[in-house]
Amino acid sequence: ARAQEAAAQAQEELAAAQEAGRRTKEELAILSCNYGQALKRLGDTSKGIALYERALQLQEELTGQHSLEVVPILVNLAAAHLALASPAAAQPHIERGLAIRTKELGADHQQTAAVKKWLDKCRAQLSNPTAAGATASGPAATPNTRGSEGGGG
């Protein structure tokens, strides 16, 4: 019930932001990502993916394709693909996020390690899809302004 309320609220906020034109791209990116997360938790992962892609597009327009700010969205997008047992679709997003964090923060940084765990999960699904199955959660990741990366539920 809480997830449905959160999804409804996020959808209303997103619609208001789009219609009123008063919100910034950053706010729209955050709202899109939050709404995608709510939909994923409700089991509507395909719609969630579309919202993550929109959030990614907006964030890239704001901060660039190789900014640290796009990484949480990339991880959420990848986690959604993994939840649908689509590791081949998830892998490029995780690898891109890992490359950005490695370059910006270093290979040994805690946030880089969080993305590495997602890559391990992805590779496990690729090598044994029936054992990995579709899951909505994954390794613990770093909190950010868009909720928890790849957060499950």
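In the predicted model, helix α2 comprises 17 residues and spans 24 Å from its first C-alpha to its last, close to the 24 Å expected at 1.5 Å a residue. The buried residues of this helix are Leu28, Ala29, Leu31, Ser32, Cys33, Tyr35, Gly36, Gln37, Ala38, Leu39 and Lys40, a list in which polar side chains stand beside nonpolar ones. Just after α2, Gly43 adopts a positive phi of about 95°.

Two of the polar residues of α2 were examined individually. Gln37, which lies in helix α2 (residues 25-41), has a relative accessibility of 7% and therefore counts as buried, the cut-off being under 20%. The side chain of Gln37 is joined to that of Tyr52 by a polar contact of 2.5 Å. Ser32, also placed in helix α2, counts as buried because its relative accessibility is 2%, under the 20% limit. When residues up to four places away in sequence are not counted, Ser32 touches Leu14, Leu51, Arg54, Ala55 and Leu58.

One of these partners, Leu14, is found in helix α1 (residues 2-20) and, at 6% relative accessibility, is likewise classed as buried. Apart from neighbours within four places in sequence, Leu14 is in contact with Leu28, Leu31, Ser32, Tyr35 and Leu51. For one of these residues, Tyr35, the separation was also computed between C-alpha atoms: Leu14 and Tyr35 are 21 residues apart along the chain, and their C-alpha atoms are separated by 8.1 Å.

The secondary structure of the chain as a whole amounts to 7 helices and 2 strands, and the elements follow the order α-α-α-α-α-α-α-β-β from the N terminus. Of the 153 residues, 41% count as buried, and the accessible surface of the chain comes to about 7,700 Å², with 50% of that area belonging to carbon and sulfur atoms. Among contacts between residues at least 6 apart in sequence, 60% join residues at least 24 apart.

In soluble globular proteins, nonpolar side chains tend to be buried together. In the present model, the largest nonpolar core contains 23 residues, and within this core Leu56, Leu82, Ala90, Ile94, Val115 and Trp118 touch the most other members. Helices α3 (45-63), α4 (71-83), α5 (87-105) and α6 (110-127) each contribute at least two residues to this core, and the greatest contribution, 9 residues, comes from α4. A second core of 12 residues, separate from the largest one, includes Ala10, Ala17, Ala29 and Ala38. The surroundings of Ile94 were also listed: with neighbours within four places in sequence left aside, Ile94 is in contact with Ala78, Leu82, Val115, Trp118, Leu119 and Cys122.

Several of the contact partners of Ile94 belong to α6, in which Thr112, Ala114, Val115, Trp118, Leu119, Lys121, Cys122 and Gln125 are buried. This helix has 18 residues and reaches 26 Å from its first C-alpha to its last, close to the 26 Å expected at 1.5 Å a residue. Ala124, by contrast with the buried residues listed for α6, counts as partly exposed, with a relative accessibility of 39%. The C-alpha atoms of Ala124 and Pro87 lie 8.8 Å apart in space, although these two residues are 37 positions apart in sequence.

The loop between α4 and α5 contains Ala85, a residue other than glycine whose phi is nonetheless positive, near 55°. Most residues other than glycine have a negative phi. At 40% relative accessibility, Ala85 is classed as partly exposed, a category that lies between the limits of 20% and 50%.

The cysteines were considered last. A search of the whole structure finds 0 disulfides. Cys33 has a relative accessible area of 0% and is therefore buried, and for Cys122 the relative accessible area is again 0%, so that this residue too counts as buried. Cys33 appears among the buried residues of α2, whereas Cys122 appears among those of α6 and is one of the residues in contact with Ile94.

Terms used. Residues numbered from 1 in each chain as written. Predicted model: local features only at pLDDT ≥ 70, side-chain atom pairs only at ≥ 80, totals over all residues. Heavy atoms only, no water. Core = buried A, V, L, I, M, F, W, Y, C linked by side-chain atoms within 4.5 Å. Buried < 20%, exposed > 50% of the residue type's maximum accessible area, 1.4 Å probe, protein only. Helix = DSSP H or I, 4+ residues; strand = E, 2+ residues; numbered from the N terminus. Contact = heavy atoms within 4.5 Å. Areas by Shrake-Rupley, 256 points an atom, 1.4 Å probe, with all protein chains shown as cover. Polar contact = N/O pair within 3.5 Å; in protein donor to acceptor, adjacent residues only side chain to side chain. Disulfide = S-S within 2.5 Å. Expected span 1.5 Å × (residues − 1).
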